[in-house]
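Hi there,

Here is the structure I said I would pass on. Have a look at it first, and then read on for my notes.

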Amino acid sequence: GLFVTDYFTRTPRKLSPFRSFASIELFHFHIPEDTVIAVWNLITFKEQGGTFGDQCPDRSITVYFRSGAPSVINPLHTHFPRDTAVPGSFALTLTWTLPNRTTGVFNVTSPLPGDWFLAAHLPKDEGKISVKGLYEECQYLFQPQLIVQRLVNIAVLYPGHVTEQSMAPHNRSCLYKVFVPSYTSRVLVEVLRCHGAAEGCPLWLRVRAKAPPLHNSTTLDCREHAPCQLAQDLPFWQHWYYVLVEKHPGVPGTVSFQVTVQLTDCSRPSLARPPFLPSSASMNMPHSFGSAGGLALGDSPPPTSPNDTKHPIPIPVTSHAGERCWPVRPTLRNELDTFSVHFYIFFGPNVSVPPDRPAVFVINLLPVLDSGGVLNLELRLNVSSLCGENVTVFGCLNHEVPLTSGDNTSVTCETESLAGFLLSVNATASLSRLRIPYPQTGSWYLSLRSLCATEHGFEPCTNVTAEVYLRAYLSPCINDCGIYGQCKLLRTNNYLYAACECKAGWNGWGCTDNAEAFSYGFQLLSTLLLCLSNVMFVPPVAIAVRSHYLLEAAVYIFTMFFSTFYHACDQPGIVVFCIMEYDVLQFCDFLGSLMSVWVTVIAMARLQPVVKQASVLYLLGAMLLSMALQMDRHGLWNLLGPSLFALGIMAVAWTARTIRRRHCYPPTWKRWAFYLCPGALIAAAAVLLYAFVETEENYFYIHSIWHLLIAGSVGFLLPPRAKPSRRLGPLPRRKGCGYQLCVNEQEELGLVDPAVASINSICTS
């Protein structure tokens, strides 16, 4: 055949340490039909500060692959919620081969066509809280590339028609495909009139659904079986089936043969099926609702009996007595929101399960749109409808083809090639649930069947019609992630999916794993520490009021109030109290913290004698800080920029006084030893704790210490305000040109106690 190669790539993305599925990077690919091999080239490289991160540590990268829907991963080995089915996926770990770059290759032979999803993440870290912009962070970028090779012009087999083929000596195989429509119960592939140089038919016959066969696909050796027939019961509906005729190795010459395909359609009246069923009974509807009105399903109109009574489209059921067909009831799709879809049953939600046949329903999930949520199924048995019988209702949920076994002794939901999800309800356990995160799209079939338990196993019931409440719906997350989680709607390019982000130490897919959860006492303690540590601002407020720094005192009160209630609202657990919106509290807390630093340093500069309108700087600082916080609240320069600018103003003012007074300012060693140096050391210790020690685990007490240290440093650094012991009369002013400068020596000396020095007014003209 002719091969065509297609190439797909995605933009590199920064990987994050794994905390929950919300922290992974998801990549979406589409593999075309008739693909014989798919090769993913996985490129990973490091960056630090815009250059290659040769000095960055090597961190392993885990990549997951799954067809049809995103992978349901559990790298932390947490517990899933009850009644949750976990689909499997492929996993690959990349190790570093070069200092700043590594590549990996993942090959899939004959991959399933359609959507494929890749999920990648870094290992879980210690949860260090780093200040944005403090240092150049190591970034690990991941870029997947896909190369597919597909066959074109594959020969199509038509059911009931014979195709002749001659396999030349240099050819080893021939590939065909046949389309299997809905309501097909059996696919039979047969090789006829096989002739070759060797005795018998030196051919292998392989069949596989959706993609070309592999070495482990359903295989038949035509040498050992005559006639060479390979049957597939309960095939997937609305899919291509691929037939591979392969020559035995070492067979010389040309091999000629014929191949044909027969499809058994159980919707035809000629097949084994009861000749007539009342419409309401055949649709498994409650008798109180009357006739179904001859509802027809399928790609073509249903057959009509000689008396013009319409029969519903049936489904195949394997049985020891032969092949029978049962109808499929549709569901009505009602979209409420993104990943919030309810599937309503006609004449439901209570459905009747007759004793002699199954009740089958179909749930259609839209491609791409529905695979990012959770498919929920709930069965509730009406015990009063059992009439005292020991009845058990079994439900089998299967993808793309209904699956119902006719064997009464062993109730399973699987065959040699198919496997579904089994549910059961009875008088003692009347409720059963099933949750499938990230379900594959397409048609899901639910088969309900009632059996009575006896000493010899399960047997068909007599004259007991069980009534079951059936609820099927699509939700973003499992139970909305509970009270210790938040359901987040995420997007990767044009694909939407939902995932839980847990808090307060809870883990798991639905935030139900409490192995590392915080207790209520611990949550209360952390909230009280973070809130009550702001009481340390009371002494700086008292000092500021006593020294007549009323503006500074107002800023400290503002900071203390909003920091207290911001941390009361920012708690991860259930000990939460919010008086305003979270965003408003966060903005006011950050603004108050930065304004406290700003007004304290400006007050230390003592600009009042030089700049009579020093309040201009306070107003300018408030406006600039508000602008900076609106741009980036977590940036490093939001704290350093205003602080360095205020320190610069203070340094200029102190230098000017030192030059004019011709001695160091403040001039007393007591001010330096007992106030400025301790205050500066306390503030530096607070900054070091905030920038380098704080992690998610120690946040509640390290950040509380940060509150105590910052408030304490303000009490030391805030300068005193001198109070004259006596009032001085108006000073005489010389006539003529000149100026008069009055200097308060106590204010110049920066003394705390007015009794330390006498008040002398030095006037110079």
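Let me start with one residue: Gln 586 counts as buried, because its relative accessibility is 10% (buried means under 20% relative accessible area, exposed over 50% and partly exposed in between, with a 1.4 Å probe and protein chains only). Before I go further, please keep in mind that this is a predicted model, in which local features need pLDDT of at least 70 and side-chain atom pairs count only at pLDDT 80 or more, while totals for chains, interfaces and linings use all residues. Residues are numbered from 1 along each chain as its sequence is written, and side-chain values use heavy atoms, with hydrogens and water left out.

Back to Gln 586, which sits in helix α5 (helices are DSSP runs of H or I with at least four residues, strands are runs of E with at least two, and both are numbered from the N terminus). Its side chain makes a polar contact of 2.8 Å with the side chain of Arg 633. By polar contact I mean a pair of N or O atoms within 3.5 Å; within protein, one must be able to donate a hydrogen and the other to accept it, and residues adjacent in sequence count only if both atoms are side-chain atoms. Leaving aside residues up to four places away in sequence, Gln 586 touches Tyr 566, Arg 633 and His 634, where contact means heavy atoms within 4.5 Å.

The helical cores

Helix α5 also matters for the next topic. The largest nonpolar core has 43 residues, and those with the most contacts inside it are Tyr 556, Met 595, Trp 598, Val 599 and Ile 602. A nonpolar core here is a set of buried Ala, Val, Leu, Ile, Met, Phe, Trp, Tyr and Cys residues joined through side-chain atoms within 4.5 Å. At least two residues of this core come from each of α3 (538–546), α4 (550–569), α5 (582–605), α6 (615–631), α7 (637–661), α8 (669–693) and α9 (699–717). The largest share, 13 residues, is supplied by α5. In soluble globular proteins, nonpolar side chains tend to be buried together.

Trp 598 is a good place to zoom in: not counting residues up to four places away in sequence, Trp 598 touches Leu 617, Tyr 618, Gly 621, Leu 625, Pro 642, Phe 645 and Ala 646. There is also a second, separate core of 40 residues, which includes Val 189, Cys 194, Val 328 and Leu 418.

Ala 554, in helix α4, is partly exposed, with a relative accessible area of 45%. From Ala 554 to Ser 596 is 42 residues in sequence and 9.7 Å in space, C-alpha to C-alpha.

The disulfides

You will find nine disulfides in the structure, a disulfide being a pair of cysteine sulfur atoms within 2.5 Å. Cys 194, which I listed in the second core, is joined to Cys 201, S to S 2.2 Å. The torsion about their S-S bond is about 90 degrees, so this disulfide is right-handed. Cys 194 counts as buried at 15% relative accessibility, and Cys 201 does at 10%.

Another disulfide links Cys 222 and Cys 228, with sulfur atoms 1.9 Å apart. Here the torsion is about -45 degrees, so the disulfide is left-handed. Cys 222 is buried at 5% relative accessibility, and Cys 228 is buried with a relative accessible area of 4%.

Cys 481 and Cys 500 are also joined, S to S 1.9 Å, and a torsion of about -90 degrees makes this disulfide left-handed. The pair links distant parts of the chain, 19 residues apart: Cys 481 lies in the loop between β32 (466–475) and β33 (485–492), and Cys 500 in strand β34 (residues 495–502). Both Cys 481 and Cys 500 are buried.

One open sheet

Finally, look at the open sheet of four strands in the order β3-β9-β6-β7, with antiparallel pairing (two strands pair if DSSP finds at least two bridges between them). β3 (25–31) and β7 (90–94) are the edge strands, each with a single partner, so one side of each is left without a neighbour in the sheet. Seven bridges join β3 to β9 (residues 114–121), and these two strands run antiparallel. As one example, Glu 25 has Ala 120 in β9 as its bridge partner.

Best wishes
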